[in-house]
Amino acid sequence: MEIWLLQNYEYIRLPILPSSLEIGNTMQNSTVNISNFGEVNLLGNKGLRTITLSSFFPKKFYSFVQYSDYPTPDKCVNLIKSWMNNPIDVFITSIIKLSMTIESFSYSRQDATGDVTYTLELKEYKKPTVKTYKKIKVEKSNKKIQHPALKRKYKLKMPINYVVQKGDTILSIAQKLTGSASNYRAIANQNNIKNLINLTVGQKLVIKL
């Protein structure tokens with residue numbers, strides 16, 4: 001197994017495989033309490049994967065080092081610290097190939113050997129995408145829009161004798177004969193109509209406005 005950390009043209013292949021490698025997979029589930037039923041677990045989306053690994057950067061060569069021309073401990077530490085503000089690519093052969101952020105990097109130097117032990121915590125990085133919408137130009141017009149009912153000129157002579165038809169309401173009759181539904185109350189008063197909702201088909205009305 002090989003573990004590589006890369007950012008742009010700089011990279012580190014870990015010279016010594018970690019003694020501890022923890023890969024976390026989470027789900028964004030939520031729990032709700034339903035009356036007379038109890039708790040229910042609602043499945044959500046997949047959470048961001050995490051990796052925690054611990055190892056050391058060797059000062060001298062050991063038989064278990066992965067390769068011979070490995071970078072110095074100081075170079076490895078400085079590279080990782082410089083990468084913390086931006087995502088890095090993490091490759092673990094046959095296991096993971098992810099873009100990740102460095103959430104935590106702690107290290108300590110061993111005085112006797114010069115080796116640097118470290119723990120690295122990584123979290124999956126997903127670049128946010130923003131949808132763009134095409135702007136629609138709306139042309140303003142100074143032309144006044146007049147309600148169709150106001151354009152009509154009513155030249156009906158009063159009084160009007162009207163027989164209620166199927167589907168008529170006091171509002172529709174007022175609109176049809178006077179040009180304004182707001183005249184419904186005057187028509188109702190003139191014809192002693194108490195029930196404004198239900199008119200009787202064939203009922204005769206006299207309208208005087």
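Is Thr50 buried, partly exposed or exposed, and at what relative accessibility? In this predicted model, Thr50 counts as partly exposed because its relative accessibility is 27%; the buried class ends under 20% and the exposed class begins over 50%. Thr50 belongs to strand β6, which covers residues 50-57. Its contacts reach well along the chain. Neighbours within four places in sequence aside, Thr50 touches Glu22, Ile23, Gly24, Met100, Leu122 and Lys123. One of these partners is Lys123, which sits 73 residues away in sequence. In space, the C-alpha atoms of Thr50 and Lys123 are 4.4 Å apart.

Strand β6 is part of an open sheet. This sheet has seven strands, in the order β2-β1-β7-β8-β9-β6-β3. The pairing is antiparallel. In general, the strands of a sheet pair through backbone hydrogen bonds, and the pairing is either parallel or antiparallel. The edges of the sheet are formed by β2 and β3 (20-24). Each edge strand has a single partner strand, so one of its sides has no neighbour in the sheet. On average, neighbouring strands are turned by 30 degrees against each other, direction ignored.

One pairing can be followed at the level of residues. Strand β7 (residues 88-92) and β8 run antiparallel and are joined by five bridges. Val90 has Leu98 in β8 as its bridge partner.

A helix lies across part of the sheet. Helix α1 crosses β1, β2, β6, β8 and β9. Relative to β8, α1 runs at about 125 degrees. The helix spans residues 73-82, and its buried residues are Pro73, Cys76, Val77, Leu79 and Ile80. These residues are on the same side of α1, because they cover an arc of only 165 degrees around the axis. What do the buried residues of α1 pack against? Their partners are β2 (10-13), β6, β8 (96-109) and β9 (116-124). Strand β6, where Thr50 is placed, is thus among the strands that α1 lies across.

Charged side chains provide further links. The structure holds four salt bridges, and three are described here. In one of them, the side chains of Arg13 and Glu2 meet with an N to O distance of 3.4 Å. Arg13 lies in strand β2, whereas Glu2 lies in the segment before β1 (3-7), so the pair ties together parts that are 11 residues apart in sequence. Arg13 counts as buried because its relative accessibility is 15%. Glu2, at 28%, counts as partly exposed.

A second salt bridge joins the side chains of Glu124 and Arg49, at 3.6 Å from N to O. This pair links distant parts of the chain, 75 residues apart. Glu124 is in strand β9, and Arg49 is in the loop between β5 (38-42) and β6. Which of the two partners is buried? Glu124 is, with a relative accessibility of 10%. Arg49 counts as partly exposed at 30%.

A third salt bridge is formed by Lys176 and Asp168. Their closest N and O atoms are 3.7 Å apart. Lys176 has a relative accessibility of 38%, so it counts as partly exposed. Asp168 has a value of 13% and therefore counts as buried.

Notes:
Residues are numbered from 1 along each chain as its sequence is written. This is a predicted model: local features need pLDDT of at least 70, side-chain atom pairs count only at pLDDT 80 or more; totals for chains, interfaces and linings use all residues. Side-chain values use heavy atoms; hydrogens and water are left out. Helices (H or I, at least four residues) and strands (E, at least two) are DSSP runs, numbered from the N terminus. Buried means under 20% relative accessible area, exposed over 50%, partly exposed in between (1.4 Å probe, protein chains only). Contact means heavy atoms within 4.5 Å. The arc is that of the directions from the helix axis to the C-beta atoms. Two strands pair if DSSP finds at least two bridges between them. Axes are lines fitted to C-alpha atoms, for helices over the stretch in contact, and angles run from 0 to 180 degrees between N-to-C directions.
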